[in-house]
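Here are my notes on the model you sent over, point by point. Have the structure open while you read.

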Amino acid sequence: MRLVFLGAPGVGKGTQATRLAQERGVPHIATGDMLRSAVARATQGGIAAKSHIDAGRLVPDSVVIGIVLERLSEPDAAAGYILDGFPRTVVQADALAEMLGQRGATIDRVVYFSLDEEALVERIAGRRVCPACQAVYHMTHYPSRRAGFCDCGAALAQRKDDAPETVKVRLAAYRSETMPLIQYYETRGLLSHVEARGGIDEIAGRVKQAAGLCP
Ligand code: AMP
């Protein structure tokens, strides 16, 4: 099972990818998480990525492609994975197709999550993350048991790039660089559309349908 989850920041693809990956026993490969971890560890890639992430811009293709191709070569990715937040540009999509082609493999499905911009902004504004265990909550739609604290006990924080001014830049980058991938994958017959409005369980049902995982 090789799936790509495509959609704007805040659309909820990370939440859905976490659930489905757990259920199916495949890795959830989220480039945003990998880049934040590289920044925290001050690796070469992390140092190159930091200023772009902080400003809400996309990290250069060469940096992201290197990190992802390395990750996809790890043994746990042999049986499949869910890619969340990659590819985000046509150059990245071509690099992924080339790598898979060399291995005689393909993407099974690209699940495209759509939501109006007002709802995206509301979801991002309410997002809180746990710096200790990386759990992600929403203050209204998916609250932790105790306000302000993760269920693991650590104090929750807001992602720096979830600040309103930075979100505007991220949404603009999504429109100009990532939205062309909708057409890219549609042309290749790989795209399935999921309306990302509603509750987490409701959307999870639509995702399985779109990914061809329903009996
Ligand atoms: P995310 O957690 O998916 O919202 O990603 C956070 C930030 O990481 C983005 O705003 C970008 O700066 C960077 N990023 C994540 N994935 C990619 C990607 N595939 N290409 C370029 N930049 C990325």
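**Notes on the predicted model**

1. Let's start at Ala196, which lies in the loop that runs between strand S7 (191-195) and helix H9 (200-210). Keep in mind that this is a predicted model. With a relative accessible area of 0%, Ala196 is buried. Setting aside neighbours within four places in sequence, Ala196 has contacts with Val11, Phe113, Ser114, Leu115, Arg123, Ile203 and Arg206. If you want a ruler check, go from Ala196 to Asp161: 35 residues apart in sequence, and 22 Å apart in space from C-alpha to C-alpha.

2. Asp161 turns up again around Thr166. Thr166 belongs to helix H7 (residues 164-178). Is Thr166 buried or exposed? Its relative accessible area is 12%, and the cut-off for buried is under 20%, so Thr166 is buried. Leaving out residues up to four places away in sequence, Thr166 touches Asp54, Ala55, Gly56, Lys160 and Asp161.

3. Now the aromatics. How many aromatic pairs does the structure hold? There are 3. One of them is Tyr137 with Tyr142: the ring centres are 5.8 Å apart and the planes meet at 25°, so this pair is stacked. Tyr137 is buried, at 8% relative accessibility, while Tyr142 comes out as partly exposed at 42%. Tyr184 and Tyr185 also pair up, with centres 4.9 Å apart and planes at 75°, so here the label is edge-to-face. Both of these tyrosines, Tyr184 and Tyr185, are buried.

4. Tyr184 has a charged partner too. The charged end of Arg188 sits over the ring of Tyr184, 3.7 Å from the ring centre. Look also at Arg146, whose charged end sits over the ring of Phe149 at 4.0 Å from the centre.

5. On to the cysteines. The disulfide count is 0. Why is Cys130 not bonded to Cys150? The sulfur of Cys150 is the closest cysteine sulfur to that of Cys130, but it is 3.6 Å away and a disulfide needs the sulfurs within 2.5 Å, so the gap is too far for a bond. Cys152 is in no disulfide either; its nearest cysteine sulfur is that of Cys150, 3.7 Å away. As for exposure, Cys130 is buried at 1% relative accessibility, whereas Cys152 is partly exposed at 45%.

6. Stepping back to the whole chain, the secondary structure amounts to 9 helices and 7 strands. A compact globule of 215 residues would have a radius of gyration near 17 Å, and the protein agrees, with 17 Å. Along the principal axes, the C-alpha trace spans about 50 × 45 × 35 Å.

7. Last, packing and surface. Of the 215 residues, 45% are buried. Among contacts in the protein with a separation of 6 or more, 69% are between residues 24 or more positions apart. The accessible surface is about 10,900 Å², and carbon and sulfur atoms account for 55% of that area.

Conventions:
Residues numbered from 1 in each chain as written. Predicted model: local features only at pLDDT ≥ 70, side-chain atom pairs only at ≥ 80, totals over all residues. Heavy atoms only, no water. Phe/Tyr/Trp six-rings, centres within 6.5 Å; stacked < 30°, edge-to-face > 60°. Buried < 20%, exposed > 50% of the residue type's maximum accessible area, 1.4 Å probe, protein only. Lys NZ or Arg CZ within 6 Å of the ring centre and 35° of its normal. Helix = DSSP H or I, 4+ residues; strand = E, 2+ residues; numbered from the N terminus. Contact = heavy atoms within 4.5 Å. Rg over C-alpha atoms; globule rule 2.2 N^0.38 Å. Areas by Shrake-Rupley, 256 points an atom, 1.4 Å probe, with all protein chains shown as cover.
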